[in-house]
Amino acid sequence: MPKTIWNRAASLALLIAAVGCSPLAAGSTNAQGTATTAATVQSAVHPVSGLKVIPLTVTTASGPHVFKVEVAASPAEQERGLMFRTAMGADEGMIFPMDPPRPAAFWMKNTVIPLDIIFVGADHKVLNIAANAVPYDLEPLPAFGNAAGVLELNGGRAAQIGLKPGDSVTW
């Protein structure tokens with residue numbers, strides 16, 4: 001084999017070995033023996049809001065439904081919510097945790113897309129649902145009790161999955 005071809009082959013072999021042995025390579029195992037993927041290595045942050053994204057499970061009579069929700073944790077994040085957003089995926093949403101649980105009412109000021117607003121009690125059971133809240137409507141939509149969290153999904157999504165008061169929501 002000519003020397004230049006040998007050098008190229010050796011360089012390529014080193015590059016493949018370096019990438020394949022990376023501890024963060026997709027499908028690898030970390031020091032604790034836990035499988036990792038590129039998605040679990042990167043921190044989950046929503047590209048539009050910059051908010052942390054977590055999994056949230058809603059359990060209805062038809063079984064569990066998993067959503068990826070943005071967490072509006074601070075007062076400023078909760079005040080903005082989904083205002084000015086023009087789209088949201090079918091399995092996406094936003095959770096507004098409230099600690100301690102308290103009375104809550106939401107409105108649709110500057111909210112472009114219709115939403116289902118799901119009020120969740122301290123026991124993580126659905127208190128009530130304000131279904132298909134009308135964009136830009138300033139009428140307050142209240143919780144029927146103290147809310148430990150409020151979940152916003154696309155309008156009509158709660159009905160699609162059969163979500164009803166008493167169903168559980170975990171995040």
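**Overall fold and internal packing**

Of the contacts in the protein chain with a separation of 6 or more, 62% are made by residues 24 or more positions apart. The structure described here is a predicted model. Its protein chain contains 4 helices and 9 strands, and these elements follow the pattern α-α-β-β-α-β-β-β-β-β-β-α-β along the sequence. The chain comprises 171 residues, of which 36% are buried. The exposed area of the protein chain is about 10000 Å², with carbon and sulfur atoms supplying 62% of that area.

Strand 8, spanning residues 147-154, pairs with two other strands. With strand 3, the pairing is antiparallel and extends over 5 bridges; within this pairing, I95 is placed opposite L151 of strand 8. With strand 5 (residues 115-120), strand 8 also runs antiparallel, and 6 bridges join the two. Here I117 has E152 of strand 8 as its bridge partner. Strand 8 is largely enclosed by the rest of the structure, because 8 of its 8 residues are buried. In a regular strand, side chains alternate between the two faces of the sheet.

The largest nonpolar core consists of 19 residues, and the members with the most contacts inside this core are A104, F106, L115, I117, F119 and V150. At least two residues of this core come from each of strand 3, strand 5, strand 6 (126-133) and strand 8. Another core lies apart from the largest one; this second core has 16 residues, including I54, V58, I161 and L163.

Aromatic packing was examined across the whole structure, and the search finds 2 aromatic pairs. In the pair formed by F96 and F106, the ring centres are 4.9 Å apart and the planes stand at 85 degrees; the arrangement is therefore edge-to-face. Because F96 belongs to strand 3 and F106 to strand 4 (residues 105-106), this pair ties together parts that are 10 residues apart in sequence. F96 has a relative accessible area of 1% and is therefore buried. F106 is likewise counted as buried, at 14% relative accessibility, which falls under the 20% limit. The second pair, F106 with F119, is also edge-to-face, with 6.1 Å from centre to centre and 85 degrees between the planes. Since F106 is part of strand 4 and F119 part of strand 5, the parts tied together by this pair are 13 residues apart in sequence. The relative accessibility of F119 is 0%, so F119 counts as buried. F96, F106 and F119 together form one aromatic cluster.

F106 takes part in both pairs and is listed among the core residues with the most contacts. With its neighbours within four places in sequence left aside, F106 is in contact with F96, M98, I117, F119, E139, P140, L141, V150 and E152. Two of these contacts, I117 and E152, are the bridge partners noted above for strand 5 and strand 8.

Two arginines were considered individually. R85 is located in the loop between helix 3 (75-80) and strand 3 (92-102). With a relative accessible area of 9%, under the 20% limit, R85 is classed as buried. The side chain of R85 is joined to that of H46 by a polar contact of 3.2 Å. Beyond neighbours within four places in sequence, R85 is in contact with H46, V48, S49, E70, M94, V112 and I113.

R102, in contrast to R85, is placed in a strand, namely strand 3. The relative accessibility of R102 is 33%, and R102 is therefore partly exposed, since this class covers values between 20% and 50%. Outside the four places on either side in sequence, the contacts of R102 are with Q78, G145, N146 and A147. For R102 and G145, which are 43 residues apart along the chain, the separation of the C-alpha atoms is 7.8 Å.

How values were computed:
Residues numbered from 1 in each chain as written. Predicted model: local features only at pLDDT ≥ 70, side-chain atom pairs only at ≥ 80, totals over all residues. Heavy atoms only, no water. Buried < 20%, exposed > 50% of the residue type's maximum accessible area, 1.4 Å probe, protein only. Polar contact = N/O pair within 3.5 Å; in protein donor to acceptor, adjacent residues only side chain to side chain. Contact = heavy atoms within 4.5 Å. Pairing = 2+ DSSP bridges. Phe/Tyr/Trp six-rings, centres within 6.5 Å; stacked < 30°, edge-to-face > 60°. Areas by Shrake-Rupley, 256 points an atom, 1.4 Å probe, with all protein chains shown as cover. Core = buried A, V, L, I, M, F, W, Y, C linked by side-chain atoms within 4.5 Å.
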